Structures are given as structure tokens and as C-alpha cells.
Amino acid sequence: MLDDRKTTKLDDLTRDGRLYSNPRLSTIEALIPNGPYASCHAADLLETPQGDILAVWFAGSDEGNSDISIVLSRLDKGSSQWTEPVKVSDDDQRSEQNPSLFQRSEGEIWLIYTAQVARTPDNNPFFNLQYTAEIRRRRSFDGGRTWGPTEVMFSHPGSFCRQKIQKLSNGRWLFGNWYCFDDMSRNGSDITVIHISDDEGESWRDVEIPQSRGKVHANLIELGGGRILALMRSRSADYVYRSISEDWGESWSVPEATELPNNNSSISAIRLESGDIAIVLNPVGYSYDSSQTWWPDQRCPVEVAISADEGRTWPWRRIVEPGEGFCGRYNDINNLRYEYPVMMQAPSGEIYIAYSAHRRRNIKFVVIDEAWIRGEKTYSGMDGDAATFRHY
């Protein structure tokens, strides 16, 4: 099912969505087609109960413009090639961004995304217009092939999201969001709010994580016994931050820095079938002054890491995307950007990762497994120069 061509760097991949084996890294990878779009960013992934893999991201001319829309590509079960993307949002006056896919039930998928007032020549802000955003939703009942009408989920001005809704073992739903404000901080004043639903999304209330200014993109992971872990990006471009709830999300500890560096770019974390926690990120720090807001250009490499102690330490790490290989504080700027990774673990146990590649020219898709991260063996989907993707 896979092309047996040996690929060793991103430039070797065709941009038609075809899956290849990468014998150098023992991975399976593809560049998902970008259609007519100049910019592709902020992907999310979902495997449907039928075994199809969906990828969504926002695409258009440039983030913040009115032509930025949510698009979707699919890798149907049994296929070796991602489809051309199709537009799945419908507002030509707003910039629609940061999509996530939520499997509400076996037959219902929610597409959730932000929609902010678009930049125009007469409305060209100091930094961006994220403080005008609201969070919207569309529903699909046929595996993501068609979508129902657009609905507003959260109308609070400046509402922003990135991660999926999380279903807890007690039936509660948690949705990690943040609020953006109209000020001169360049989003440094954003605060994290956790939306809570006890009626499967019919109604929501929010809880603010204390002292979360500049700590956003909360990845929520259930630890057991009502304990929830939140791992967050930092607007200060210093570290990944960690907060804990002991009461099913009702209250949260003040975020504390972990040992993982962060470059003020998105992270993605999940609980693995083994019980340990995995994260994918750019392992790049820029500043160690948590009172300042920084937006460094360095967004390379992409690294995956595993923690066995609830995110306190991360002793297993491996680079999944080396980029162009430049390093050193005077040289790493020569790398292109590989950013905003997302990860999920499939029912097969394989780990799917997607991220913006080549300065947002494409979305790259990579398949590994937990043993690959730990260095216990090569990815089990690899067999010499060929590959077997359990998706088939």
C-alpha cells in the first residue's frame, strides 16, 4: 500500500498526500495536499469509528485575513493517499482558525474553531484581532463528509481554543480555552479558562486557572481520582507550564514551569495506552523572563517526549522533525518553521502527529509508536525498506 521510495528529508516527499516510509527515521510520513492555499496552519486529527483519518487546519493567504477558512482532508481506510482539502467553514468576513475535531458519539463529529473579525486596510490592528473572536461549531453525522449549519458555542469576545473537548470518566466534559484582550501586550495578557459541561455540551460554565496570564493552549489529561493535568504554552517563550486540578476541574493550582522549553508555540499532549503522558512540541526556549511577551521565529525541531510522573519530568525524548539541521543561537534561524504539532493515539496503538511544515506551506503527517519514542525498537510498522501501516 505504501510507495517503497526511500525518503530522507522533507524535500523528497511529493506534495500529493501519498504515504511513504522513511527508513532513516523509521517513520511513515506524508505531506497532505494544500490545494490552492498559500498558508496552512494549526492542524488537528481524528480517526473515525469507521477507520478513516480526518485532518483539519486553517488555510488561505495569511492568518487574520478574510480568506482564511477551515479545510479538511481525509485518509480513508484502505487508502494510501490523503485527499485534496475541501473548505468546511462558511464565513467570508471573518478569519476562521484553530480547528479541532471532537467525536461526540459514534455517529456525530463536531468541528470546533475560532472566528475573528478579519483584518482590512481600514482595520489594521497593532498586533491582531483575536480579541474579537468567538468559538463556533459545525456537526457531521456522516463521518465528516458533510456538515450542518454553523452555530456559536461561546460568544464571549476574545474566546479562543486549540485543543479538543475532553470526556472524563465521571461523564463531565472539559474544554480548555483562553480569553484574548484588546491591549498592547501582543497577547501576553491572555488568560486560561476551563469550560465545564455536566450535560454533554448542552450548557457550559467556566473556571479560570489562577495566575494564568500568558499561559494558554491548555492540554487537559485525566490522571485518575478526579485529578486533571493541564500542560500549557507560554507567551513568555520560556517553558511549558503545568497546573493540577484535584476536583474534576472545579479549581486549579497556579501554573508552574516544567523542565520542557517552550517558544510561545502550540504544544499537544495526550495520555498513552501505557498510562504515561506524551507531548509533542518545539523544544526551544527563548527567554527566561516570565514578565515579558516574546514571539521568536525559531520553531524547529519537532520533538516527542514521554513522562512517567504526571508531567514533572520527561526523560524519554526523540526528534521527529529535524528540519534543515541548523543549531546554535546564531544559526538556528536558518531552519524553516515546523510548528503547531498535534498528536493522537489510534486504537491500533500507533501515534499520529501532524504539524505545519516549511513555513506553513504544507501540513506534514507522521506515524510512529511509543516504542519508537523510547528507543526500545524501530517503529513496528517498519519492515526493512517497506512499511505496514495498521490503518490498512
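Buried means under 20% relative accessible area. That cut-off comes up in several of the close-ups below, which are all taken from a predicted model.

**View 1. Gln-116, a residue in strand S8.** Is Gln-116 buried or exposed? With a relative accessible area of 2%, under the 20% cut-off, Gln-116 counts as buried. If you want a distance to check, try Val-342: Gln-116 and Val-342 are 226 residues apart in sequence, and their C-alpha atoms are 22 Å apart in space.

**View 2. A nonpolar patch out on the surface.** Here Phe-126, Phe-127, Met-184 and Trp-295 make a nonpolar surface patch of about 430 Å². Phe-126 sits in the loop between strand S8 (108-117) and strand S9 (134-140). Its relative accessible area is 52%, so Phe-126 counts as exposed.

**View 3. An open sheet of 4 strands.** Read the order as S16-S17-S18-S19, with antiparallel pairing. Which strands stand at the edges? They are strand S16 (215-224) and strand S19 (256-261); each has a single partner strand, so one side of each has no neighbour in the sheet. From one strand to the next, the twist averages 30°. Zooming in on one pair, S18 (residues 239-245) and S19 are antiparallel over 3 bridges, and Tyr-241 has Ala-257 in S19 as its bridge partner.

**View 4. The S20-S21 hairpin.** Strand S20 (residues 268-271) pairs with strand S21 (residues 277-281) in the antiparallel sense, over 4 bridges. Across the pair, Ile-270 stands opposite Ala-278 in S21. The hairpin leaves 5 residues between the two strands, and Gly-275 in the turn has a positive phi of about 100°.

**View 5. Two nonpolar cores.** The largest nonpolar core has 22 residues, and those with the most contacts inside it are Leu-45, Trp-57, Trp-82, Tyr-352 and Phe-365. Elements giving two or more residues to this core include strand S2 (27-32), strand S3 (39-47), strand S5 (69-75) and strand S26 (362-368). S4 supplies the largest share, 4 residues. A second, separate core has 19 residues, among them Leu-272, Cys-300, Tyr-338 and Val-366.

**View 6. Arg-74 and Asp-52, a salt bridge between buried partners.** The whole structure has 31 salt bridges; in this one, the side chains of Arg-74 and Asp-52 meet at 3.2 Å, N to O. Arg-74 lies in strand S5 and Asp-52 in the loop between S3 and S4, so the pair ties together parts 22 residues apart in sequence. Arg-74 is buried at 6% relative accessibility, and Asp-52 is buried too, at 11%.

**View 7. Lys-87 and Asp-92, a partly exposed pair.** The closest N and O atoms of this salt bridge are 3.1 Å apart. Lys-87 has 43% relative accessibility, while Asp-92 has 47%.

**View 8. Asp-297, Arg-337 and their network.** The side chains of Asp-297 and Arg-337 meet in a salt bridge of 3.0 Å, N to O. How many residues apart in sequence are the parts that this pair ties together? The answer is 40, with Asp-297 in the loop between S21 and strand S22 (302-307) and Arg-337 in the loop between strand S23 (316-321) and S24. Asp-297 is partly exposed at 26% relative accessibility, whereas Arg-337 is buried at 14%. Salt bridges that share partners join Glu-63, Asp-297, Arg-299, Arg-337, Glu-339, Arg-359 and Arg-360 into one network.

Terms used: Residues are numbered from 1 along each chain as its sequence is written. This is a predicted model: local features need pLDDT of at least 70, side-chain atom pairs count only at pLDDT 80 or more; totals for chains, interfaces and linings use all residues. Side-chain values use heavy atoms; hydrogens and water are left out. Patches are made of residues with over 30% relative accessible area and no salt bridge: like charges are joined within 9 Å, nonpolar side chains (Val, Leu, Ile, Met, Phe, Trp, Tyr) within 5 Å. Accessible areas come from the Shrake-Rupley method with a 1.4 Å probe; for residues, only the protein chains shown count as cover. A salt bridge is a side-chain nitrogen of Lys or Arg within 4 Å of a carboxyl oxygen of Asp or Glu. Buried means under 20% relative accessible area, exposed over 50%, partly exposed in between (1.4 Å probe, protein chains only). Two strands pair if DSSP finds at least two bridges between them. Axes are lines fitted to C-alpha atoms, for helices over the stretch in contact, and angles run from 0 to 180 degrees between N-to-C directions. A nonpolar core is a set of buried Ala, Val, Leu, Ile, Met, Phe, Trp, Tyr and Cys residues joined through side-chain atoms within 4.5 Å.
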